[in-house]
Amino acid sequence: MFVAFFESVKYVGHLLPISFLRVFLGYYYLEQALLKFRGDFLMRPRLAAQIAEVLPTLQTPDWYRLFLESVVIPQWQIFSFGLNGIEFAIAISYIFGYLVRPMALLGVVVSLNMLVLAGPQTQDLYKTFVAIHLLMAWVGAGRCLGFDYYFFKRRRGIWW
Amino acid sequence: MKNFLVYLVFVFSGLFLALYFKNSNLSTGDNKPTLKVFGSSSFISQWGPGPWLKEKFEKSCECHIEFNDSADSTILLQRLKSEGRNGGADVVLGFDQYDIDNATAGLEWRKINTDNINFEDSVREVLSRSHLVPYDWSLLSFVVRKSDFQSLPKNLNDLLDPKLKGQIVLEDPRTSSPGLQFLLWLIEIKGEAKAFEYLGKLNQQLHSYAPSWSSAYGLFQKAQAKIVYSYVTSSVYHLVEDKNTDVVALEMDEGHPAQYEFVGIPATCKNCELAEKFVALLLSKEGQKTIMEKNFMFPVTQGVREGTVFANIPNYKMTVMEVLPTVADRERILKKWSQLRRTE
């Protein structure tokens, strides 16, 4: 498996620049996830406060607003834990290049939500993230300098 | 699919275990009491005065301080009311003068002894309104970069200049304290009917209504707008942090509203004596100086500004709000504001 990890550079070397971008993004997600884990994001209703702050000015369909108001805010513990878990999952996946495609699609979903919820000052950042996640999913960025190459060689399919 | 699900279960289980061990380590610490301070993000962030006050206080109190962040005073109030004694708030920071009615309705506060504190004249008037005590304040105004203008706007009508179309950022009064201050100040100086008439015209000039002060100021800093509604002390921030003298607060002919931030000790406090000592530190000369320099707000006590850049801020004309609108009045005004926005 480890041989395949490095061997991938030889066979899919054209993806090497993208794999560096992948690792960088993974590192960014790891930092964000650790920041939340070490702080009080999981203990205090920070997510609920963030949503409540933008809710009155949100330009989204009614069902989404209702979902935020009646499901996410009251159950903020579950959603904070979920968000933190997904951030860790994306981080590990991107750094090691394992299951990059499905995790990138999960990243798109998370980034789209954050695009709506994080306010105008970080909208550009999340738009860029959506584009990068889509790119990662499209090219299968885990196949170069990643464990996805090992599984791709043996099992094929759209997951790697 | 199987690999994907196994991977997610693995990561979430790891996170769950890490969280479990983190919490069990926290609960087996020393026996020092923990003072729980609830405050705004700007106060307790690493750039705010919170960390300095924490370090200073923990040196002498034989206790720990635990800061709890709250993005918004409305959410903070809801939390205090719903959690009550279980929430364990010992000190609460960050209410403004318009939150006091809400804060005192249904919540009991301990009286804070301020007999020996020499307050500035400009804050005396808000002292007697409740058991909450102001710890900083500032006037609000429109903040601009001088280099963007040939002549600076001097009154509200100047802001309706067609050249400024799409260049002004205001805060949403439903979610932001400066936004609410602006709306209520406008009503105070113009009367309700004329204020809304003016607002109808001003809305055509706006870049946007931002949900919070930080969002609005972010747009101004990114040069997406030339004018932002902020604090007159914002210029000091740019002077100190960026050595930039280009940013100034406009001196409006109509005057300026003041915002006071209050600290209180809930009657349900668990470490009440420590809370009183913490508030005393907050109102001490060095506490006030730290708040002034980190929060970029005026101190409430005398003799702190002298010899600092804050002493050079011109004396802006303050609009004294004779009667503060009741909660019901504010709700009605905000409803009217929302209707105006919808009809545009």
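Strand β1 (residues 34–40) of chain B is a good place to start: six of its seven residues are buried, so the strand is mostly covered. The strand belongs to a predicted model of two chains, A and B, for which the predictor gives an ipTM of 0.82 and a pTM of 0.65. Chain A has 160 residues and chain B has 344. Here is a friendly tour, beginning with the strand and ending where the two chains meet.

**Strand β1 of chain B and its partner**

- β1(B) is joined by two bridges to strand β3 (residues 91–96) of chain B, and the two strands run parallel.
- Within this pairing, V37(B) of chain B faces V91(B), which sits in β3(B).
- In general, side chains in a regular strand alternate between the two faces of the sheet.

**Chain B as a whole**

- Chain B contains 13 helices and ten strands.
- Of the 344 residues in chain B, 40% are buried.
- Counting contacts in chain B between residues at least 6 apart in sequence, 77% link residues at least 24 apart.
- The mean pLDDT of chain B is 87, and 94% of its residues score at least 70.
- Within chain B, strand β7 (residues 227–231) has the highest confidence, at 95, while helix α4 (residues 73–87) has the lowest, with a mean of 68.
- Where pLDDT is low, it is wise not to read the predicted coordinates in detail.

**Helix α3 of chain B**

- How far apart are the end C-alpha atoms of helix α3 (residues 50–61) of chain B? They are 16 Å apart, which agrees with the 16 Å that twelve residues should span at 1.5 Å a residue.
- The buried residues of α3(B) are G50(B), L53(B) and F57(B).
- These three cover an arc of only 65° around the axis, so they lie on the same side of α3(B).
- An α-helix has 3.6 residues a turn, so residues three or four places apart point the same way.
- Exposed residues E55(B) and K59(B) are carried on the face of α3(B) turned away from its buried side.
- E62(B) follows α3(B) and has a positive phi, near 55°.

**S235 of chain B**

- S235(B) is part of helix α10 (residues 234–242) of chain B.
- Is S235(B) buried or exposed? It counts as buried, because it has 24 C-beta neighbours inside 10 Å and the cut-off for a buried residue is 20 or more.
- Leaving aside residues up to four places away in sequence, S235(B) touches V143(B), V247(B), V248(B) and A249(B).
- S235(B) and I313(B) are 78 residues apart in sequence, yet their C-alpha atoms are 8.8 Å apart in space.

**Chain A as a whole**

- Chain A has eight helices and zero strands, so to speak an α-α-α-α-α-α-α-α run from the N terminus on.
- Buried residues account for 39% of the 160 residues in chain A.
- Among chain A contacts between residues at least 6 apart in sequence, 72% connect residues at least 24 apart.

**Two leucines of chain A with positive phi**

- Most residues other than glycine have a negative phi.
- L99(A) is not a glycine, but its phi is positive, at about 55°.
- L99(A) sits in the loop between α5 and α6 (100–117) of chain A.
- Because it has 26 C-beta neighbours inside 10 Å, L99(A) counts as buried.
- L145(A), also a residue other than glycine, has a positive phi near 50°.
- The loop that holds L145(A) lies between α7 (123–139) and α8 (148–155) of chain A.
- With 23 other C-beta atoms within 10 Å, L145(A) is buried.

**Where the two chains meet**

- How many residues of each chain are in contact with the other chain? On chain A there are 22 residues, in contact with 24 residues of chain B.
- On the side of chain A that touches chain B, α3 (46–54) and α5 (76–96) of chain A each supply at least two residues.
- The largest share of that side, six residues, comes from α3(A).
- By type, the residues of the side of chain A that touches chain B are twelve nonpolar, six polar and four charged.

Terms used
Residues numbered from 1 in each chain as written. Chains lettered and ligands numbered in written order. Predicted model: local features only at pLDDT ≥ 70, side-chain atom pairs only at ≥ 80, totals over all residues. Contact = placed C-beta atoms within 7 Å. Helix = DSSP H or I, 4+ residues; strand = E, 2+ residues; numbered from the N terminus. Nonpolar A, V, L, I, M, F, W, Y, C, P; charged D, E, K, R; others polar. Expected span 1.5 Å × (residues − 1). Buried ≥ 20, exposed ≤ 12 C-beta atoms within 10 Å, placed from the backbone. Arc of directions from axis to C-beta. pLDDT = per-residue confidence, 0-100. Pairing = 2+ DSSP bridges.
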